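Student: Got a minute to go through this one with me? I'd like to start with how the chains sit together and then pick through some helices.

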2 protein chains.
Amino acid sequence: MASTARFDVIAIGNAIVDVIARAEDSLIEAEGLVKGSMRLIDAEEAERLYASMGPAVEMSGGSAANTLAGMAALGCKCAFIGQVADDQLGHVFTHDLRALNVAYDTPPLAEGAPTARCLILVTPDGQRTMNTFLGASHLLEQAMIDEARIADSDILYLEGYLWDPPLSRAAMRRAIDVARGAGRKVAFTLSDAFIIDRHGDDFRALIKEGLFDILFANEVEICALAGVEDFDVAVAQVSAEVPLLVVTRSEKGAIAVVEGQRTEVGAEPIDAVIDTTGAGDLFAAGFLAGQAEGRSIAECLTMGAVCACEIIAQMGPRAQIDLKARVAAKLG
Amino acid sequence: MASTARFDVIAIGNAIVDVIARAEDSLIEAEGLVKGSMRLIDAEEAERLYASMGPAVEMSGGSAANTLAGMAALGCKCAFIGQVADDQLGHVFTHDLRALNVAYDTPPLAEGAPTARCLILVTPDGQRTMNTFLGASHLLEQAMIDEARIADSDILYLEGYLWDPPLSRAAMRRAIDVARGAGRKVAFTLSDAFIIDRHGDDFRALIKEGLFDILFANEVEICALAGVEDFDVAVAQVSAEVPLLVVTRSEKGAIAVVEGQRTEVGAEPIDAVIDTTGAGDLFAAGFLAGQAEGRSIAECLTMGAVCACEIIAQMGPRAQIDLKARVAAKLG
């Protein structure tokens, strides 16, 4: 059944520019960082860490925004809500989304905080360790939520990272009500284990209320949400309450569960992992694009796997290759 | 004879952040651009063109600064003089040089113009078409010239691009006198044919006065400078007046002429040209690093060819691979 909505998906997420530098493991150790993790840092720590980093490349990022960029590249109609400041990095972030035809009109903050940036250290094994200065991004107010546009989108996609700041949490909570009131679907990504540590009770309550139609998680996150150590137990528990559960498992591929029916896909083969930044974001992009095209769950998983594979074969979370061609080569 | 100078090279150049996007040939045509060229644009045109560009990656650039970044990666002691503004892109430019241990202390402009940016369109053939908004960069004043540091550097390296703005031209003219007064060498790169169109008389006069010890050019530039169409005639004419002339010839390699003695090197083999941005800059980096190491002219040319080859196999003008290891693999 073709939808008459104007957008396939509207996402609310952090509006971040990534600052990506190669780093030796010794720097990760010297800085006391947990490899592969994301942590929030303040402006002072951002300055200090930046000074210890090597030459970098700047590229638009943000988890949900990366997902939209991937979906737009795959031909979906997308809209974004997120807060930048009126500065050069905010200009970069805005340009890069609009250049992909993503509708993005959240007015920039005139003052108060600069555009968010994420200092990403990529070690020789391709792992990324993220240090995020949220700046303007966590100042997203409820007034910035374009309710008409949410009502005009098939899916509202929310990133868990934005559940942490009180202002944006309230904005997202409102957006959920708007989407449901308009009969739209709500998709949520758990983002990171630390978010679940802080807000797991919220998420479990929202799930109990039946407010999430699609839930994205990785292995660590689904276990944290379920409060169990066994992956299959966690999947069984959460999938009983969510219409569509999607769990990524890195090199083990991914699974989706719909009404107790579990579908699996292996990871795509890859020569060398260059940078894992954006792997989960692009998996979600491929999966949701498949949903928008009305494909089977197995094909949606494959599209996710192809996109994730392509993004970890390059530096940064925005695809520099033709994703659509890669997916077409795989699925036709 | 080992030098006692503190720096192998000090460069004066544009302080630019590159904004690099892939583009189809149709965009180059629609914009009426000359593929492979560099043009100067104002703030308004920069905004307009940026809006028509695809998603981009930001990376520090600037011709002489790229050369220094390459030399620093090869182990040379380098210093830079160039003008950024006190803004986010200026911060990026400054960080990226300092992260390579390049001494760079030119105070940022507090107001008046933003940091320069170069909008670079990279077509499928790997050619780059550059559109430069000079902003703060062309406001480099003579007062910013650190005379003690110039006197303490074996080579003063100047980019022709900065000969165009009157302020920076005066600053560079002073720097030449300081370097020569201290018994140091002066190296100059002609940068672009349009610079020679405007300032060829200046350059020919400086050469006649014997102020350039090393001159870098490409085929088009050397012919423009000599005012002849025949490459060999141009080389013979200019090399008679410059102690060391280095001319790059893209896929035909490069030549150097010292006291009438011509040495040639072929281009390094390459699988695919990804982006030619910085090819000439990195050739100069390899060549000058060879000079700093006291290598033969043939080896200096080879180092230049290796560095140029590596930089065109990636996006952007700052090496993301280990240049030193590549040169060592070639020359030991």
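**Two chains, then two helices**

Tutor: Sure. In this predicted model, a turn of 180° with a shift of 0.0 Å along the axis lays chain A on chain B, at an RMSD of 0.0 Å. The two copies are therefore related as by a two-fold rotation axis.

Student: Which C-alpha of chain A is nearest the axis?

Tutor: That of E58(A), which lies 2.4 Å from the axis.

Student: And how much of the contact surface of chain A recurs in chain B?

Tutor: 100% of the contact residues of chain A recur in chain B, so to speak one surface serving both copies.

Student: How many residues does each chain put into the contact?

Tutor: Chain A gives 18 residues and chain B gives 18 residues. On the chain A side, β4 (57–60) and α4 (88–98) each supply at least two of them. The largest share is from α4(A), with five residues.

Student: What's the mix by class on that side of chain A?

Tutor: Ten nonpolar, four polar and four charged residues.

Student: OK, switching to helices. How long is α6 in chain B?

Tutor: Helix α6(B) runs over residues 166–181, so to count them, 16 residues. From first C-alpha to last, α6(B) reaches 23 Å, close to the 22 Å expected at 1.5 Å a residue.

Student: Which of its residues are buried?

Tutor: In α6(B), the buried ones are S168(B), A171(B), M172(B), A175(B), I176(B) and A179(B). Looking down the helix axis, they fall within an arc of 145°, so they line one face of α6(B).

Student: What do they pack against?

Tutor: Four elements of chain B: β1 (7–12), α5 (147–151), β9 (153–159) and β10 (185–189).

Student: And which exposed residues are on the face turned away from the buried side?

Tutor: P166(B) and G181(B) are the exposed residues carried there. After α6(B) comes G183(B), with a positive phi near 75°.

Student: Now α9 in chain B. Which residues are buried there?

Tutor: Helix α9(B) covers residues 231–239, and A234(B), V235(B), V238(B) and S239(B) are buried. Around the axis they cover an arc of only 115°, which puts them on the same side of α9(B).

Student: What covers them?

Tutor: The cover for the buried residues of α9(B) includes β11 (214–218), α8 (219–226), β12 (244–248) and β13 (254–258), all of chain B.

Methods: Residues numbered from 1 in each chain as written. Chains lettered and ligands numbered in written order. Predicted model: local features only at pLDDT ≥ 70, side-chain atom pairs only at ≥ 80, totals over all residues. Helix = DSSP H or I, 4+ residues; strand = E, 2+ residues; numbered from the N terminus. Buried ≥ 20, exposed ≤ 12 C-beta atoms within 10 Å, placed from the backbone. Arc of directions from axis to C-beta. Contact = placed C-beta atoms within 7 Å. Least-squares fit on C-alpha atoms with pLDDT ≥ 70 in both. Nonpolar A, V, L, I, M, F, W, Y, C, P; charged D, E, K, R; others polar.
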